[in-house]
Amino acid sequence: MDVYWYLVPRDGYYPWSAAGARKIDFGYIRQLATAVDYLGFTGALLATGGGAHDAWVMGAALIPLTKQMKFISPDDGNPDDKTVFQVKLPRPVAPGQDVVFKIKFKATFPEVIARTGYKRTFLLAGQWFPKVGVFWHGQWNCHQFHALTEFFADFGTFDVKVTLPKDYVIGATGVQVADQDNGNGTKTVAFHAEDVHDFAWTADPNFKVINSTFDGSVGQVKIRLLSYDSHERSWQPYITCVRDSMKRFDDWYGPYPYAQITVVDPPHGAGEAGGMEYPTFITGDSGWYIPKGVHLIDLVTEHEFGHQYWYGMVATNEFENAWMDEGINSYTEVKVLDSFYGADASIMNWMGAQFGEREAQRQGYLSAADIDPLYRHSYQDMSMSDYGAISYGKTATMLISLEAIIGEQTLRNALHTYFMRYRFTHPTQEDFMRTVNEVSGRDLSWYWNQAMFGTQVLDYEVLRADSNPVNWFDDNLKEKKGETEYETQVILHRKGDFIFPVEAVVKFDNGDIAYEHWDGKDRWVRYVYRKKAQVDSVQIDPQYRVTLDNDYLNNSRTTASQYAAVNKVGAYWMFLTQFLAQMLSWLA
């Protein structure tokens with residue numbers, strides 16, 4: 001029997017590894033050599049048999065397996081990639097039996113990079129130990145470390161002891177269960193975590209601990225923020241965001257079952273440690289000055305907390321389907337932040353400028369709308385930017401657009417059912433689609449085939465909107481508002497290949513409104529009206545619910561010029577030029 005293990009990121013950043021090669025392809029020029037020897041074996045790999053029926057000839061004796069280690073490259077066959085190794089056991093492990101591995105290894109942390117490492121006295125320990133692969137669907141699922149994707153591991157119980165200088169403050173996955181003074185200037189702190197698939201920890205003698213609580217539907221949760229005195233202005237925003245996010249998730253998707261959530265606010269200069277998720281443990285992002293109305297802390301903190309559900313508990317395979325964590329989490333991020341600040345200002349509402357999270361996700365998607373389908377293994381996406389656009393932006397945009405078909409509340413109910421049904425398992429994308437179909441009571445294959453398995457671009461436009469007198473041929477015709485009869489023609493056109501139901505609103509100059517519904521299947525549709533009024537405007541998707549639409553600018557047409565936007569831009573430009581002129585005169 002063979003057992004597969006992750007060994008990351010020992011060679012994960014080497015130019016000759018899968019991750020290193022892709023980073024070079026993407027034009028990254030960061031100095032990544034510091035990660036060399038980040039994780040490597042310095043001792044032996046040993047195993048002992050056990051269980052109900054001892055399968056090992058040597059009983060409970062340790063069997064050396066170091067010589068049985070063999071580095072493999074299941075994804076690309078690269079012989080120089082050393083991020084996955086295989087161990088051949090001396091004999092199979094039968095059903096009902098177990099095997100215990102004892103591994104001696106050394107982790108040398110780099111200066112903080114890619115959400116792990118140190119900065120001055122600060123240390124974030126992430127992806128710091130060898131992890132067993134996932135035996136899934138009858139075989140080992142253990143991918144190489146790729147720059148594009150994150151990780152996939154199985155659930156377990158972690159009992160971890162960390163020995164460190166006694167003046168250090170430490171935080172970790174799970175809850176602290178012991179703190180022993182060793183009498184030599186060090187202490188050993190023990191943590192316990194159940195039903196998690198990874199373990200991370202952080203330490204710094206300068207940490208300031210801020211404690212709070214959240215009363216959830218299954219009990220009280222301790223919120224433990226690790227920050228710095230210099231970040232005091234950020235403490236309350238962190239706590240408020242975590243509480244409010246936990247409340248939304250508890251109400252909408254399901255309970256947070258753990259006793260604690262630890263939030264780490266990295267120090268100045270350790271920005272690469274920010275914005276990361278581990279089970280019951282997240283890192284945020286703040287700064288020495290964040291203008292009021294710029295919701296950076298909320299944006300990062302809510303996103304990382306949301307990972308506790310889709311990455312932490314549902315635990316999908318991010319190597320293959322990153323959208324099932326990053327994308328679903330981006331969608332719930334849109335919904336939660338919209339509930340905090342409103343749809344148009346959930347990222348920024350500062351000095352008259354507003355920007356919302358749903359539009360940010362849409363803009364990300366538009367940059368790669370026709371590049372990669374969601375179903376493709378994420379590490380095979382064309383580039384790092386396309387990976388982000390597809391896994392985050394396209395998924396969030398696809399789910400927001402799905403609301404236009406089944407309704408916002410129905411999709412919320414579907415996500416609740418999906419979470420409750422598949423938490424602490426490893427569902428597939430088929431499980432997700434099947435759940436949405438079931439809860440909505442619809443066969444959405446037509447939608448999944450395009451949004452999930454295809455790269456079709458959705459783009460509908462108002463091609464024509466005009467009114468002409470019915471008696472246009474009358475030489476004595478004198479048009480008079482309210483008396484002259486007009487024939488109005490409106491043509492809607494499907495420019496893209498994505499087929500989607502279309503709603504349109506046609507407004508006339510006498511106040512009449514016509515609401516049209518088109519299945520969107522043909523290339524175009526014509527609507528003809530006869531009335532004593534002329535068309536004033538036509539708008540496709542008037543509520544902007546179909547965020548997959550590639551071009552909002554061609555969704556509407558008016559018969560008269562509109563100057564509101566021009567006047568607004570002109571006012572901003574006048575303010576900016578006058579401000580700069582005053583600044584220059586002051587400097588002179």
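Here are some questions and answers about this predicted model.

User: Let's start with the whole thing. What percentage of the 588 residues in the protein chain is buried?
Analyst: The chain is built from ten helices and 30 strands. Its C-alpha trace spans about 110 × 65 × 50 Å along the principal axes. Residues count as buried when their relative accessible area is under 20%. By that cut-off, the buried share of the 588 residues is 52%.

User: Among contacts between residues at least 6 apart in sequence, what share joins residues at least 24 apart?
Analyst: Contact here means heavy atoms within 4.5 Å. Take the pairs in contact that are at least 6 apart in sequence, then pick out those at least 24 apart: the share is 69%.

User: On to helix α2. How far does α2 reach from its first C-alpha to its last?
Analyst: α2 covers residues 232-252, which gives 21 residues. At 1.5 Å a residue you'd expect 30 Å. The model comes close to that, with a reach of 31 Å.

User: Which elements cover the buried residues of α2?
Analyst: Plenty of α2 is tucked away: its buried residues include Trp-235, Tyr-238, Ile-239, Val-242 and Met-246. Some of the cover comes from strands, namely β17, β18 and β19. The rest of the cover includes the helices α3, α4 and α7.

User: At roughly what angle do the axes of α2 and α4 cross?
Analyst: α4 takes in residues 326-341, and its axis comes within 11 Å of the α2 axis. The crossing is right-handed. The angle is roughly 115°.

User: How many nonpolar, polar and charged residues are in the contact of α2 with α4?
Analyst: From α2 come Cys-241, Asp-244, Ser-245, Arg-248, Phe-249 and Trp-252. From α4 come Thr-332, Lys-335, Val-336, Ser-339 and Phe-340. Sorted by class, that makes five nonpolar, three polar and three charged.

User: Which residue just after α2 takes a positive phi?
Analyst: Look past the end of the helix, which runs over residues 232-252. There you'll find a phi of about 150°, and it belongs to Gly-254.

User: Now the sheets. In the open sheet β24-β25-β28, which strands stand at the edges?
Analyst: The three strands lie in that order with antiparallel pairing, and neighbours are turned by 15° against each other on average, direction ignored. An edge strand has a single partner, so one side of it is left without a neighbour in the sheet. The strands that fit are β24 (460-469) and β28 (524-531).

User: What is the bridge partner of Val-490 in β28?
Analyst: Strand β25 covers residues 486-494 and pairs with β28 over eight bridges, in the antiparallel sense. Follow Val-490 across to β28 and you land on Tyr-527.

User: In the sheet β4-β5-β1-β9, which residue of β9 is the bridge partner of Tyr-6?
Analyst: This open sheet has four strands with antiparallel pairing. β4 (69-71) and β9 (131-132) are at its edges, so each has one side without a neighbour in the sheet. Two bridges join β1 (residues 2-6) to β9. Tyr-6 pairs up with Lys-131.

User: Which residue in the turn between β14 and β15 has a positive phi?
Analyst: β14 (residues 175-181) and β15 (residues 186-196) pair in the antiparallel sense over six bridges, one partnership being Gln-180 with Thr-188. They form a hairpin with four residues between them. The turn residue with a phi of about 75° is Gly-183.

User: Is Gly-293 buried or exposed?
Analyst: Gly-293 sits in the loop between β21 and α3. Leaving aside neighbours within four places in sequence, its contacts are Ile-347, Met-348, Asn-349 and Trp-350. Its relative accessible area is 15%, and the cut-off is under 20%, so Gly-293 is buried.

User: What is the phi of Phe-424?
Analyst: Most residues other than glycine have a negative phi. Phe-424, in the loop between α7 and α8, goes the other way. Phe-424 is partly exposed, at 30% relative accessible area. Its phi is positive, about 65°.

User: Where does Ala-114 lie?
Analyst: Ala-114 is not a glycine, yet its phi is positive, near 50°. With 30% relative accessibility it counts as partly exposed. You'll find Ala-114 in the loop between β6 (97-107) and β7 (117-119).

Conventions:
Residues numbered from 1 in each chain as written. Predicted model: local features only at pLDDT ≥ 70, side-chain atom pairs only at ≥ 80, totals over all residues. Heavy atoms only, no water. Axes fitted to C-alpha atoms, helices over the stretch in contact; angles between N-to-C directions. Left-handed = near helix turned anticlockwise from the far one by under 90°. Nonpolar A, V, L, I, M, F, W, Y, C, P; charged D, E, K, R; others polar. Pairing = 2+ DSSP bridges. Expected span 1.5 Å × (residues − 1). Buried < 20%, exposed > 50% of the residue type's maximum accessible area, 1.4 Å probe, protein only.
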